[in-house]
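Colleague: I would like a close look at one part of this model, the place where two of its chains come together. Could you take me through that contact slowly, and then set it in its surroundings?

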Amino acid sequence: MASSVPSLPATKRFGLTSVQQREARNFLSALLYMAPSLALFITFVFIPLVRSFVLSTYLTDPIGRPAAFVWFLQYQRLFNTDVFLNSLLRSTQFVLYTVPITILLSLGLALLGNLRLPRIAIYRIMFSVTIAVSGATASLMFMYLYHPTVGSLNYFLELLKLPAVPWLVSDKTALFSVAMVSVWLQMGLNTVILLAAMQGIPEEIYESAMIDGANSWQKFWNITLPFLSSTFFFLLVVDMLASFQTFTPIHVMTSGGPADSTNLLVFSIYREFYFNGKYGYAAAQSIMLFLIMLILTIFQFVFVERKVYYE
Amino acid sequence: MKKVPYFLFVLVVVFSMLVTACGPTATPTPKAEPTKAQEPTKAPVATKAPEATKAPEATKAPEATKAPEPTKPPAATATAVPPTAVPTATIAPAKAGATKIAFWHSMGGDIGGKAIPQMANEFNASQDKCHVNPIYQGSYDDSLNKLKAGLQSKDTPAVVQLFDIGTRQMIDLKVITPVQNYIDKEKYDISDLEQNVLAYYTVDGKLNSMPFNTSNPMLYYNKDMFKAAGLDPAKPPRTFDEFKAAAAKLTKKDASGKVTVYGANFAIYGWFFEQFLAVSGAYYVDNANGRDKFATKAVFNGPEGVKILTWWKEMLDAGTMMNTGRQTVNMRNAFLAQQTAMIIESTATLRGLLDGSAGKFELGTAFLPRPDEAAFTKSGTIIGGASLWIINNRPQAEQDCAWEFIKFQASPKQQAYWHTMSGYYPIRKAAYNEPLDKEWTAKYPQFQTAIDQLHAAPNNRYTQGGLIGVFPTARQTIETAIEEVLGGKSTPQQALDKAAKSVTDAIVEYNLTMGLK
Amino acid sequence: MSRKTRRILTNIFLYIVLTIAGLIVIFPIYYAIDVSLLTDTEVATYPPKLIPTSFNIESYALALQQAPLARYLFNSVFQSLLVMMGQLITAGLAAYAFAFIEFRGRNVFFLVFLATMMIPWEATIIPNYLFIKQLEWTDTFQGLAVPFMATGFGTFLLRQFYLKIPKDLHDAAVIDGCSSFRFLTTIVVPLARPAFGTLAVYSFLQTYNQYLWPLLITNDEMMRTVQIGLSLLQDEERMKFNIVMAGVVLVLLPTIVLFIFSNRQLIRGLTAGAVKG
């Protein structure tokens, strides 16, 4: 009740000044507003994070009941067997495949979508439609495109007189093939955000550049790109985080194979606990994933953000 | 005792607080407040008061409206079912008073969509006490994982179909009622059951689950292509060397050197490796495949295992072996599309392949190739497949019904029906004498090969197959090893050594956490 | 060449480029539709048929028959609506605290909210999975929805919009005796409707497209969501891609339609937060 009281006189009660009282009241009412979110975050984010860590110090039986406390043995195992190191390497490789390609292709699409032409809205919807596509459906679609015997991608290559590619069948191409699904899925959101950022660039800057005799390339290089730098930074963070957490295409298309070449971190976590019943080991992996993401985010904010241009 | 989700409780409390916090607007006393000395102290009280008074309500509210009834069978949790929901196969509704049991299975396609529902319907119609509801749970791996997941929440079926390689884990998890208990109690006669099949599921002298569907792999080949390549379609290859030579002859290239027809295609499937290993007369794990005493390490990396992968890789390198990945369906499609002349596949797919090849080419079947002629007498294929388990955390009445259903499906008539619908062997010899079955084998002589292969296999520790708790993991590890070899990343010996080490680690951890000493 | 013809030619060229780019982007979707309309034999032949000739709609009937897709669709939509409502409420409330109430530790709490965006869901998935099992919430809608009902991103998004509402309005309303909660429901929420709309669409799409969580906690055939249910069409015994693609198209349809109708709103809302960020 008290939280809605607008003002209080400047008398002292219970040794609190009115300012302190107001602070206390504000704090309580703020807490009230945040309570539903906080309750959920505590229950489903923070406590589980701690429990993940606790679980990672145990050996468990195949249905997740702790069997023996083993200190940091699981972490030691992570670094002693090449499975985890392989996952780490593959995930990094995956990020390196997806993020730059996604951003570059989206930049291209956004530039096209930014043209002042009648009916451009239709093209913008086409370019961004993958926002609405789920990982599961995209993976199934690409599985057929990549199909070793009836896939149409190999048919297109054949038309171009190029040799067939063993997309998902070979351990040399599978990761790239899966990465392309992620690129396609992420492209929609990236294009939309870049497009919006481009539309936010003040028109006058281009006009004055035109007066100075700048050509389109110069305008792109000297105005558009610098203006987009903070957007690129944002996309870099979002895409990297998304890319590191890729799961669905792996589960649907490759199950981590061939030869573990697509055994990305999150899939590895899933496989170790859900399939192999190694809950402790998987929990250790998930803690590592958390640390990596944390470091990446901090690193990006500290080192990359400084270099980007701000309006 | 049901658990009260405490955050739901918190949520209810919080919302009630918000609502009460808004209350004062109705009472126009904002400016009169200052005179009431105790007002500020009410703030903290107010936050607690609703908690104290509403707590009992709050704890009940979510329970009554939302919490699932754990005692009900899983299907009952779907309270908000829209009327349009129709399951894949139609199961006749239960008779009044019948005990309802859930039956999880992993049979996709027509077998799961038609044969299983029909079997269930016949069972339900045959008596009044029990009603079985079959639920497709995806692959065997999915089903096992879901079962493990469901154990703690009692979200389990009364009867579940699981693959052979889940046997050890099911026993060690102590979640099953061995069918032996019922066999002993009722003096149920199992002498007519296939001995090799019984031997697989008998552990520590007890039959733990009732075999349901049994199959093993054999060689399927395109007789027309054999003729065209100058090979005798009546004499399919028997040994690895013969197979390799035939594959080379069957491979066709176009003018540009591109392969148009591959001699052979093996899906990267751990089961094939296990079978090749068994027919080579080698163990998968120590202690005689974990049958004399529980296994402690993987031993599939011996010369026999290396020979299999070397042979496979040589054909791939020679361009006579096609690789379409892990999915066997891709291999079958390539075979049916006549892009490959020979495949290794389960006897269970015989009916599908017969239907698929009809009108296109003549289908041949033969024994699984062996490393040499001598191997044909020494060992044979593993008699696996899947079996039915009774889960012991279900009420006694459900377990009894599960046993009734198990007996029903094991009857000669049902086994004969099962046999003709799928291609899985009947688990009971009498089924071969059923008119339905006789008709089927007469119509499709190809199936005689499968039956011969089953009966040719001696009953020994090789053909009983490995018995380890981490078999699903091991199978996957082997698949990775095969891919490493085929991709040229490792030699067969390196890949198998690495896989064996990894499987041994898993076995050791399993034995430790399950208290096997 | 006159300036005008030159411009027309440039425009034609640009349209060609735009169309090619657009077609490449939507090709997988087009192809899924194409394949879903092929017959069993057409789908297994090489070279692939890039244009449907027989318009065989039987696959859709078979897809619906082979898996209870209607039920899955209902599950997904219901789960998504629950999550959406939950997020709108929790984020709508929390954002109010951040935008209108000055309290000690506001920055700390705000950081806590933002931190939830940095903690990958997968890092907490095992305990969450065990917890939901312990609550016996597997195969229930609350199990599918409750863990996602709070959102750091949504709180951030709404806060940005709330901040645009003049603070004077708040002060005046409070002095008039309107409780802060009433101020929120009667003034803030209507004003921030576009932001709520954006969050609603965004959280709906996100939840509808979820995969790993429903995969873990739904065992019951009738409780699966569409994304998981699709795998039922992809069965090992006889994978028929025309049926699989028919299922894909059916599952895609609701989100694509939602996207086409709400894309302006969604894009404006999303980018307002992102571009400034």
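Modeller: Two residues are taken to be in contact if their C-beta atoms, placed from the backbone, lie within 7 Å, and everything that follows is read from a predicted model. By that criterion, helix 1 of chain A brings Phe44(A), Pro48(A), Arg51(A), Ser52(A) and Leu55(A) to a meeting with helix 6 of chain C, which contributes Ile126(C), Pro127(C), Asn128(C) and Phe131(C). Sorted by character, the residues of this contact comprise 6 nonpolar, 2 polar and 1 charged.

As for how the two elements are placed, helix 1 of chain A covers residues 18-55 and helix 6 of chain C covers residues 125-134, and their axes come within 7 Å of each other while crossing at roughly 105°. Angles of 65 to 115 degrees count as roughly perpendicular, and that crossing therefore makes helix 1 of chain A roughly perpendicular to helix 6 of chain C.

This pair of helices belongs to a wider meeting of the two chains, in which 74 residues of chain A are in contact with 76 residues of chain C. On the side of chain C that touches chain A, the elements giving two or more residues are helix 1 (3-36), helix 4 (69-100), helix 5 (106-118), helix 6, helix 9 (167-175), helix 12 (212-217) and helix 14 (241-276) of chain C. The most is given by helix 14 of chain C, with 17 residues. Taken as a whole, that side of chain C divides into 57 nonpolar, 16 polar and 3 charged residues.

Turning to the other partner, chain A holds 12 helices and 2 strands, and its elements, read from the N terminus, follow the order α-β-β-α-α-α-α-α-α-α-α-α-α-α. Chain A has a radius of gyration of 26 Å, well over the 19 Å that the globule rule gives for 311 residues, so chain A is more spread out than a compact globule. Along its principal axes, the C-alpha trace of chain A spans about 90 × 70 × 35 Å. Even so, 52% of the 311 residues of chain A count as buried, and, among contacts in chain A between residues at least 6 apart in sequence, 67% join residues at least 24 apart.

Terms used. Residues are numbered from 1 along each chain as its sequence is written. Chains are lettered from A and ligands numbered from 1 in the order in which they are written. This is a predicted model: local features need pLDDT of at least 70, side-chain atom pairs count only at pLDDT 80 or more; totals for chains, interfaces and linings use all residues. Axes are lines fitted to C-alpha atoms, for helices over the stretch in contact, and angles run from 0 to 180 degrees between N-to-C directions. Helices (H or I, at least four residues) and strands (E, at least two) are DSSP runs, numbered from the N terminus. Angles under 35 degrees count as roughly parallel, over 145 as roughly antiparallel, 65 to 115 as roughly perpendicular and the rest as oblique. Ala, Val, Leu, Ile, Met, Phe, Trp, Tyr, Cys and Pro count as nonpolar, Asp, Glu, Lys and Arg as charged, and the others, Gly among them, as polar. The radius of gyration is taken over C-alpha atoms; the globule rule is 2.2 Å times the number of residues to the power 0.38. A residue is buried if 20 or more other C-beta atoms lie within 10 Å of its own, exposed if 12 or fewer, and partly exposed in between; C-beta atoms are placed from the backbone.
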